[in-house]
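Here are my notes on this one, written as I went through it. Have the viewer open while you read, and push back wherever you disagree.

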Amino acid sequence: MNNRHRYIFLLLFLLFSLGAVASERVFSVLYIQSYEALNPWQNEMLKGLTDGLTKSGVKANVVIEHLDAERWTYTSEKVIMRRICERARKRGVDIIVTSEDESLYTLLTCGDSLAQTVPVVFFAVKHPDYEQLNNYPNVTGFVSKPDFCRILEQAHRMFPNRTEVICVSDNSFLSTKSKETFQKAFELFKEKHPDFQLAMYNTQEKTTNEIIAGICYPRNTANRMVIIPKWSLFMQFLGKNSKAPFFVCQNAALMNGAFCAYDADSYVAAKLAGIRAGKVLKGNSPESFGISDTPKQFIYDYKQLTFFHIDKSKATPGVVINEPYWDKYRVLIILFYASILGGFALLVAWLIRANRREASRRILAQTRLLLQNRLVSQRDEFNNIFHSIRDGVITYDTDLRIHFINRAMLKMLDLTEESASSLLEGTCSEEIIQIYHGKKEILCDLLKQVLKEGKSVILPDNSFMHKGRAKDFFLVSGEVVPIRANDRTTGVAISFRNISDEEMQRRFFNLAVNESSIYPWQFNVNKEIVTFSESFLKRIGLATEQNPFTLQSLRELIHPDDLNMVQEFYHKITSETSESMRINFRQRDDQGVYEWWEYRTSVLNGVTQELSHTILGVCQNIQRYKSTEQALTEARDKALQADNLKTAFLANMSHEIRTPLNAIVGFSDLLTDMDHFSKKELREFIVTINKNCALLLSLINDILDLSRIESGAMDFRFARHNLLFLLKNVYDSQRLNMPPNVELILDAPLDTTRYINTDSVRLQQVVNNLINNAVKFTTQGSITFGYTIDEPDTVTLFVEDTGKGISEEDVQNIFQRFYKVDNFTQGVGLGLSICQTIVERLHGSISVTSGIDKGTRFLVKIPDSCFFEPSPTRNFDCK
């Protein structure tokens, strides 16, 4: 297994090494130029090619071959091209790059197979033969087709007064192709400019003298412009001697007599070809790139612009080349020499000023010696003044270094004067003391603020000073002030004192006052204003802006019933000499709620014993004492009432229990001697016994339910029930218990089914109690019960009778425990109270409407569904 891992690792290492070697491979590039080596743009094109290869991340060795097409015939060019291919094949070549038309087409037609086996990238081709190029999938490149329309338009714009166009060409293939393209462009141009005339010169058909006379003699060229479709060596001779501007479509003509060329920049075109060659060398297919256009621009020869008196600013659009450095950088050169002269002048002025300054310095030094003794005496006087101040004082210079510390401050820092002079003066501020506020050091910020604004700053409350060379903290108060001289800030002084003991006493006092809810106040007798503490204003919810209060504004806070009492108290404390008095009255807060307050006073006498100067006092909220007093009173009354209710309950219970028990015991004794009574009489005895047993059982159940209610142990079990079915059960159980002449009626919608989520036992208990209560007061007529749907998600149960009714006073107390409208009826007055409690536990409500001799109607409203919420008190909620 270990050997297998070693082999895998070795294989991966070899693959990685081979990839690294491949990535560092140096490719061989054959670069074939169409013309001779003296072409002025040769270096630019070579630099663009190499830069393009470098940008694409390819390392290459570029070999340059020159076809020199202008010196040879087409047949000779093919022979030369085959020799170039043979040399390249011997040394090895990875890609061929050609420039101009001659080198490309001679390579493709020379008969050598290298053009078909090696990728070829061309650029600067004017007349691409797409039909021939499509036969070579290994060939890709950039074309720069001549645009004679733009050349003519630009020539007309540069020379609007020249209307004769001379076209000079030869019989070469490329020149002929370019001439045909030019003639088509001129026909379009002439349609827009009919005044222009065209003359065609062929260097191989016309004599040299005729061509030179038409182009180079000034008398013939004033109105002429020359267009060269294809540049050649003879064109170079004509251009350098011509008195008419030459416009060409090859940048090779620039600096050789051409005025303007509309062609691609040689460097840019070669760089694009180099980038594409690099991509091909990296593995991309030449066919995937195809043939692209190279962006062209107008290029002007600066010397030709000068010769024809054309301003450089008019040479737009395009670029200007061959411009002398003086003309190109004239402004910068002038500025450079001007800056040198200016610097020399400044140097001379500085030396003169330095000499004068040195003379002034000598005078100032002598004056300083005379004033030194005066300053020393003033400093000693200044130190004595600050040493006599009881507060600590430190002064700083504008660099925030300590300049002076008085004795009080030295005492705070536990330092002596001898050690302070050498230890502290010149020390940074934060090295000796720090002042903190809210856990943040603020001394440096305060010193900088005073230096910047020139205004005093008070130390914020609750600021602590920390000794830089100890661990002590103490509370301080003070002020940071600027030191000014000659209307400018020359330093900063800070004075402060240790207020730890004062703050401790104040906070102890405030703590005692706040905990006891006692608030101090002061009454100015002369101004008749009362000033309260901020804690008091916060307690009653009033704004601090209202402090101090006038007597009128204070009266508005006092309860109207207590105003006379307070007025008498005021006259009493201002007229009598008693030092301590108190009064209790009700005072209003910002919410309009009156609370009981107790005010205590202490009179501070004025100049005479009889004239009061100030009245001091404290006030305390005694509402809780008043509330406790009222609660105790109410508790006492409730206890007395409970005692009376207990007595009445015991009396009622003894009577209510004794009555059915006597009937049960008496009729039970009669049943022991059944022979003396008829069957009818015995049946009546049994009915009476059963009836009283039921009454006794109902009484016991009411007492048990009351006990469960009081203890919170009444249980509720919820389920989905048919409401009509529950009411029918009540109807069936109560129908037989109706007294004579009383009819029980169930009034409910029979065509719909209403389901509710409730406790069926408790709900039926409520309805049964209400029906039983109606039976007690109804001797004839009917008792009607049922339900209605008056509100969504709510059911309204009702029990209505035609009995004697209830008075308005009894209606108010009908749901109280042990309350009975008629003391002669059976029961202890618990049934309706239990009903109310059950309904409230169901989150419902119960109400009653009645009148004397008008019958009574009970309404119970409960929600359709309830869900139990477990809690110690067994509460539940309903939806």
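1. Is glutamate 164 buried, partly exposed or exposed? With a relative accessible area of 28%, glutamate 164 is partly exposed, since that value falls between the 20% and 50% cut-offs. Keep in mind throughout that this is a predicted model.

2. The partner is worth a look too. Glutamate 164 and arginine 224 meet through their side chains in a salt bridge, at 3.0 Å from N to O. Glutamate 164 belongs to strand 6 (residues 164-169) and arginine 224 to strand 8 (residues 224-228), so this pair ties together parts that are 60 residues apart in sequence. Arginine 224 is buried, because its relative accessible area is 17% and the limit for buried is under 20%.

3. Next, a pair between two helices. Lysine 192 and glutamate 153 form a side-chain salt bridge, 3.2 Å from N to O. Lysine 192 sits in helix 8 (residues 173-192) while glutamate 153 sits in helix 7 (residues 148-158), so the contact ties together parts 39 residues apart in sequence. As for the surroundings, lysine 192 counts as exposed because its relative accessibility is 58%, over the 50% mark. Glutamate 153, at 30%, counts as partly exposed.

4. Now a pair inside one helix. Arginine 89 makes a salt bridge with glutamate 86, and their closest N and O atoms are 3.1 Å apart. Both residues lie in helix 3 (residues 74-91), 3 residues apart, which is about one turn of the helix. Arginine 89 is partly exposed at 35% relative accessibility, and glutamate 86 is partly exposed as well, with a relative accessible area of 36%.

5. How many salt bridges are there by this rule? The count comes to 19. As a reminder, side chains of opposite charge can pair when their charged atoms come close.

6. On to the empty space. There are 4 cavities of 30 Å³ or more by the rule used here, and the largest cavity holds about 60 Å³ of space. Its lining includes Met45, Glu100, Ser144, Asn251 and Asp263. Ala264, Asp265, Ser266 and Ala269 are also among the residues that line the largest cavity. What is the character of that lining, split into nonpolar, polar and charged? The residues divide into 4 nonpolar, 3 polar and 3 charged.

7. Please also check the sheet further along the chain. It is an open sheet of 5 strands in the order 29-31-32-34-33, with mixed pairing. Which strands are at the edges? They are strand 29 (742-747) and strand 33 (845-850), each pairing on one side only. Ignoring direction, neighbouring strands of this sheet are turned by 15° against each other on average.

8. For the edge at strand 33, the neighbour is strand 34 (residues 856-863), and the two pair in the antiparallel sense over 6 bridges. If you want a spot to zoom in on, serine 850 stands opposite threonine 856 in strand 34.

9. Last, a helical residue. Glutamate 681 is found in helix 25 (residues 679-711), and it counts as partly exposed because its relative accessibility is 35%. Glutamate 681 and leucine 671 are 10 residues apart in sequence, and their C-alpha atoms are 10.0 Å apart in space.

Terms used:
Residues numbered from 1 in each chain as written. Predicted model: local features only at pLDDT ≥ 70, side-chain atom pairs only at ≥ 80, totals over all residues. Heavy atoms only, no water. Helix = DSSP H or I, 4+ residues; strand = E, 2+ residues; numbered from the N terminus. Buried < 20%, exposed > 50% of the residue type's maximum accessible area, 1.4 Å probe, protein only. Salt bridge = Lys/Arg side-chain N within 4 Å of Asp/Glu carboxyl O. 1 Å grid on protein atoms, 1.4 Å probe; cavity = no way out; pocket = protein on both sides within 12 Å on 5 of 7 lines; lining within 4 Å. Points joined across faces, edges and corners; volume = space filled by probe spheres on them. Nonpolar A, V, L, I, M, F, W, Y, C, P; charged D, E, K, R; others polar. Pairing = 2+ DSSP bridges. Axes fitted to C-alpha atoms, helices over the stretch in contact; angles between N-to-C directions.
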